[in-house]
Amino acid sequence: MHVTLRTHVRQSPAQVMAGFNQALFVSLAPPFPKLKLLRFDGCRRGDVVEIELQTGPLRQRWTSLITDDGVQPDGTHYFIDEGQTLPKPLRFWRHRHLIEPAPDGKGSVIVDALEYRTAFRWLDALLYPAMWAQFAYRKPIYRRTFN
């Protein structure tokens, strides 16, 4: 299943990319499920991010590896995280973070492009509203941080 959200901000792609740090990562965490940051290496190839999701007494680990990062010829900065250890019911996770130059030349557009899978297509579809909401939650935080 694919989810894509776009957020226009006033800073350049290079400025926005430089702002993707541990403090931003923590601020982007939605109120539910509760997130405990265990490790944050950064947003470059080979970096690892590890969290613990807490839902009542249930605690699940999520470890992502940054598998690629760089700058495309059009000035788009990007990094990709892929789930290595995922909470149930997820079986696959890839999150492409793109920071594109804005079409009007003023600022940039942050694109959260996710792909996820569980064992069942019906469950993927059932999770879609929650996934969309988790990332829509980021939009005002991006604007506040990068405007």
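**Exercise 1.** In this predicted model, state which strands helix α4 lies across and at what angle helix α4 runs to β1.

*Solution.* Take helix α4 as residues 138–146. The strands that helix α4 lies across are β1, β6 and β7, the last spanning residues 108–117. Relative to β1, the helix runs at about 30 degrees.

**Exercise 2.** Give the strand order of the open sheet, and explain why β1 and β2 each have one side without a neighbour.

*Solution.* The sheet has 7 strands, in the order β1-β7-β6-β5-β4-β3-β2, and the pairing is antiparallel. β1 (2–9) and β2 (34–40) are at the edges; each has a single partner strand, so one side of each lacks a neighbour in the sheet. From one strand to the next, the twist averages 20 degrees.

**Exercise 3.** Describe how β3 is paired with β2 and with β4, and how far β3 is covered.

*Solution.* Start with β2: β2 and β3 are antiparallel and share 6 bridges. In this pair, Glu50 of β3 is opposite Arg39. Next, β3 and β4 run antiparallel and are joined by 8 bridges. Here Gln54 faces Arg59 of β4. The hairpin of β3 and β4 has 2 residues between the strands, and Gly56 in this hairpin adopts a positive phi near 60 degrees. Finally, consider cover: β3 comprises residues 48–55, and 7 of its 8 residues are buried.

**Exercise 4.** Find the bridge partner of Ile80 in β6, and describe the pairing of β5 with β6.

*Solution.* β5 covers residues 77–85 and β6 covers residues 92–101. The two strands pair in the antiparallel sense over 6 bridges. Within β6, Arg96 is the bridge partner of Ile80.

**Exercise 5.** Is Arg61 buried, partly exposed or exposed, and which residues does Arg61 touch beyond four places away in sequence?

*Solution.* Arg61 belongs to strand β4, residues 58–71. Its relative accessible area is 43%. Buried requires under 20% and exposed over 50%, so Arg61 is classed as partly exposed. Leaving out residues up to four places away in sequence, Arg61 touches Leu38, Glu50, Ile51, Glu52, Thr85, Leu86 and Pro87. For Arg121, the separation from Arg61 is 60 residues in sequence and 23 Å in space, C-alpha to C-alpha.

**Exercise 6.** Identify the residues that form a nonpolar surface patch with Trp132, and classify the accessibility of Trp132.

*Solution.* Trp132 is in helix α3, residues 121–136. Its patch partners are Met1 and Tyr128, and together the three residues have about 270 Å² of accessible area. With a relative accessibility of 41%, Trp132 is partly exposed.

How values were computed:
Residues are numbered from 1 along each chain as its sequence is written. This is a predicted model: local features need pLDDT of at least 70, side-chain atom pairs count only at pLDDT 80 or more; totals for chains, interfaces and linings use all residues. Side-chain values use heavy atoms; hydrogens and water are left out. Patches are made of residues with over 30% relative accessible area and no salt bridge: like charges are joined within 9 Å, nonpolar side chains (Val, Leu, Ile, Met, Phe, Trp, Tyr) within 5 Å. Accessible areas come from the Shrake-Rupley method with a 1.4 Å probe; for residues, only the protein chains shown count as cover. A salt bridge is a side-chain nitrogen of Lys or Arg within 4 Å of a carboxyl oxygen of Asp or Glu. Helices (H or I, at least four residues) and strands (E, at least two) are DSSP runs, numbered from the N terminus. Buried means under 20% relative accessible area, exposed over 50%, partly exposed in between (1.4 Å probe, protein chains only). Two strands pair if DSSP finds at least two bridges between them. Axes are lines fitted to C-alpha atoms, for helices over the stretch in contact, and angles run from 0 to 180 degrees between N-to-C directions. Contact means heavy atoms within 4.5 Å.
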